[in-house]
Amino acid sequence: MDNINYDCRLNFPATIRNRESIASVLSNYISPNSLLLEIASGSGEHGVFFQKKFPSITWQTSDPELVHRKSINSWIKHEGLYSKMPEPIDLDVEMRPWPITKSIKSLINGIVCINMIHISPWSCTRSLFEQSRKYLDQSNFLMLYGPFLRKERQTSESNLNFDQSLKIQNPLWGLRNLNNVNDIAIENGFKLDHVIDMPANNLSVIYSIK
Ligand SMILES: C[S@@+](CC[C@H](N)C(=O)[O-])C[C@H]1O[C@@H](n2cnc3c(N)ncnc32)[C@H](O)[C@@H]1O
């Protein structure tokens, strides 16, 4: 990784705002000496932050976009974490099977997916659960973070506007209804463990294997 140019680092401003509150939720689920697989790691800013916050674990990033994987690698190098953090995996949730090695699989304690399911087609949410199921056992967890629609609660104006703006960018995108996500989870052998209100009208949603 010596040739990595720091200039490949991208900045996703929301990561600075939400990383502490996400870390605080994660701290309840993380087991020492295990591996967390992050789906859709984006810039990699979350990855390096969580790796430093939880030094006993291995934070395994992934993203299908080359520009994001380059950014992740640059952040890893910039933060001096390259001896601890593996390189990002080129992983699109719709791949079948996911390109996860046996050694990674044997260490996985949880799968974390932050701000992806509303910025990808619904088929990606389905694949996320279908494939995650293959890498988790009953002591593990799957955590989603992001904005959701909820049947029993009025959606904030900011989330309604965000939903509209996503649909303008791509009609297959948009905030997901938590009940629909839960249905997919149950179909794939998960149960809903916790729904945690987060700042700025986001949720952390924790599933485990039934
Ligand atoms: C809004 S960004 C969120 C990035 C990061 N998790 C964060 O919170 O800053 C959405 C991410 O989803 C990734 N993504 C989109 N479609 C995907 C797919 N089919 N499989 C995996 N990742 C995907 C994008 O490459 C991008 O990094």
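Where does Asn201 sit, and between which two strands does its loop run? The legends below take up that question along with several others, and the model they describe is a predicted one.

**View 1. Asn201 in its loop.**
Asn201 belongs to the loop that joins β7 (190-198) and β8. Its phi is near 60°, a positive value in a residue other than glycine. Most residues other than glycine have a negative phi. How many C-beta neighbours does Asn201 have inside 10 Å? There are 15, so Asn201 counts as partly exposed.

**View 2. Ala40, a buried loop residue beside the ligand.**
Ala40 is placed in the loop between β1 (35-39) and α2. Here too phi is near 60°, a positive value in a residue other than glycine. Ala40 counts as buried because it has 24 C-beta neighbours inside 10 Å. Ala40 is also one of the residues that come nearest to the ligand.

**View 3. The shell around the ligand.**
Welcome to the binding partner's surroundings: 22 residues lie around the ligand. Those that come nearest are Ala40, Gly42, Val93, Ile114 and Asn115. What is the make-up of this shell by class? It holds 10 nonpolar, 8 polar and 4 charged residues.

**View 4. The cis peptide bond at Pro97.**
Pro97 lies in the loop between α3 (66-78) and α4 (102-107). The bond leading from Arg96 to Pro97 is cis, with omega near -5°. For context, most peptide bonds are trans.

**View 5. Helix α1 and its kink.**
Helix α1 covers residues 13-26. At 1.5 Å a residue, its 14 residues should span 20 Å, and its end C-alpha atoms are 20 Å apart, so expectation and model agree. Where is the kink in α1 centred? The centre is Arg19, and the kink is about 45°. Thr15, Asn18, Ile22 and Leu26 are buried in this helix. Their cover includes α2 (45-53), β3 (108-114), β4 (141-146) and β8 (202-209).

**View 6. Ile22 and its contacts.**
Zooming in on helix α1 brings us to Ile22. Is Ile22 buried or exposed? Ile22 is buried, because 23 other C-beta atoms lie within 10 Å. Leaving aside neighbours within four places in sequence, Ile22 is in contact with Ile114, Tyr145 and Ser204. Ile114 appears again among the residues that come nearest to the ligand. For a reference distance, the C-alpha atoms of Ile22 and Ser208 are separated by 18 Å, with their positions 186 residues apart along the chain.

**View 7. Helix α3 against α2.**
The 13 residues of α3 should span 18 Å at 1.5 Å a residue; the end C-alpha atoms are 18 Å apart, so the helix agrees with that expectation. Which residues of α3 are buried? They are His68, Arg69, Ser71, Ile72, Asn73, Ser74, Trp75, Ile76 and Lys77. These buried residues pack against α2. Just after the helix, Gly80 takes a positive phi of about 70°.

**View 8. Helix α5 and what covers it.**
Helix α5 is made of residues 122-132. Its buried residues are Thr125, Ser127, Leu128, Phe129, Gln131 and Ser132. Elements covering them include β1, β3, β4, β6 (176-177), α7 (178-187) and β7.

**View 9. Asp183 on helix α7.**
Asp183 lies in helix α7, which is included in the cover of the buried residues of α5. Asp183 itself counts as exposed because it has 11 C-beta neighbours inside 10 Å. Its C-alpha atom and that of Thr58 are separated by 31 Å, the two residues being 125 residues apart along the chain.

**View 10. Stepping back to the protein.**
The close-ups belong to a protein with 7 helices and 8 strands. Its radius of gyration is 16 Å, close to the 17 Å that the globule rule gives for 210 residues, so the protein is as compact as a globular protein of that length. The C-alpha trace spans about 50 × 35 × 30 Å along its principal axes. Buried residues account for 37% of the 210 residues. Of the contacts with a separation of 6 or more, 72% come from residues 24 or more positions apart.

Definitions and conventions:
Residues numbered from 1 in each chain as written. Predicted model: local features only at pLDDT ≥ 70, side-chain atom pairs only at ≥ 80, totals over all residues. Near = placed C-beta within 6 Å. Nonpolar A, V, L, I, M, F, W, Y, C, P; charged D, E, K, R; others polar. Helix = DSSP H or I, 4+ residues; strand = E, 2+ residues; numbered from the N terminus. Expected span 1.5 Å × (residues − 1). Bend = angle between axes of the 7 residues up to and from the residue. Buried ≥ 20, exposed ≤ 12 C-beta atoms within 10 Å, placed from the backbone. Contact = placed C-beta atoms within 7 Å. Rg over C-alpha atoms; globule rule 2.2 N^0.38 Å.
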